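Colleague: I am new to this one. Please show me how to read its packing.

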Amino acid sequence: KEKLINNAITALLSQEGDIAASNAELESQFQAVRRLVASKAGFLAFTQLPKFRERLGVKVVKALKRNNDGVTHAAIDMLCALMCVSIRF
């Protein structure tokens, strides 16, 4: 289970939110990451996978620069999910 979650997170973060991605696609990527990090294995990936935090930070900054309400909400919602550690354990 952990390996699948790690692979899914890695695949989502490899798409850095470049200009080619539509707003709906980027919003969906953030929602998927949110769901993945809500599990114990997903949160551990956040703390253990190399460059996870850096890639996620770059993705969030690029998303916020788009100035789209849906993308901004999804990005902030995903960040909030990372702050709720007590739910996972």
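Modeller: Start with two rings: Phe46 is buried, and so is Phe52. Buried means under 20% relative accessible area, exposed over 50%, partly exposed in between (1.4 Å probe, protein chains only). This is a predicted model, where local features need pLDDT of at least 70, side-chain atom pairs count only at pLDDT 80 or more, and totals for chains, interfaces and linings use all residues. Residues are numbered from 1 along each chain as its sequence is written, and side-chain values use heavy atoms, with hydrogens and water left out.

Colleague: How many aromatic pairs does the structure hold?

Modeller: Rings of Phe, Tyr and Trp (its six-membered ring) pair if their centres lie within 6.5 Å; planes under 30 degrees apart count as stacked, over 60 as edge-to-face and the rest as tilted. There are two aromatic pairs here. Phe43 and Phe46 have ring centres 5.9 Å apart and planes at 40°, so this pair is tilted. For Phe46 and Phe52 the centres are 5.4 Å apart and the planes at 85°, so that pair is edge-to-face. Ring pairs thus link Phe43, Phe46 and Phe52 into a cluster.

Colleague: Which residues of helix 1 meet helix 4?

Modeller: Contact means heavy atoms within 4.5 Å, and helices are DSSP runs (H or I, at least four residues), numbered from the N terminus. Ile9, Thr10, Leu12 and Leu13 in helix 1 meet Phe52, Arg55, Leu56 and Lys59 in helix 4.

How values were computed:
Helix = DSSP H or I, 4+ residues; strand = E, 2+ residues; numbered from the N terminus.
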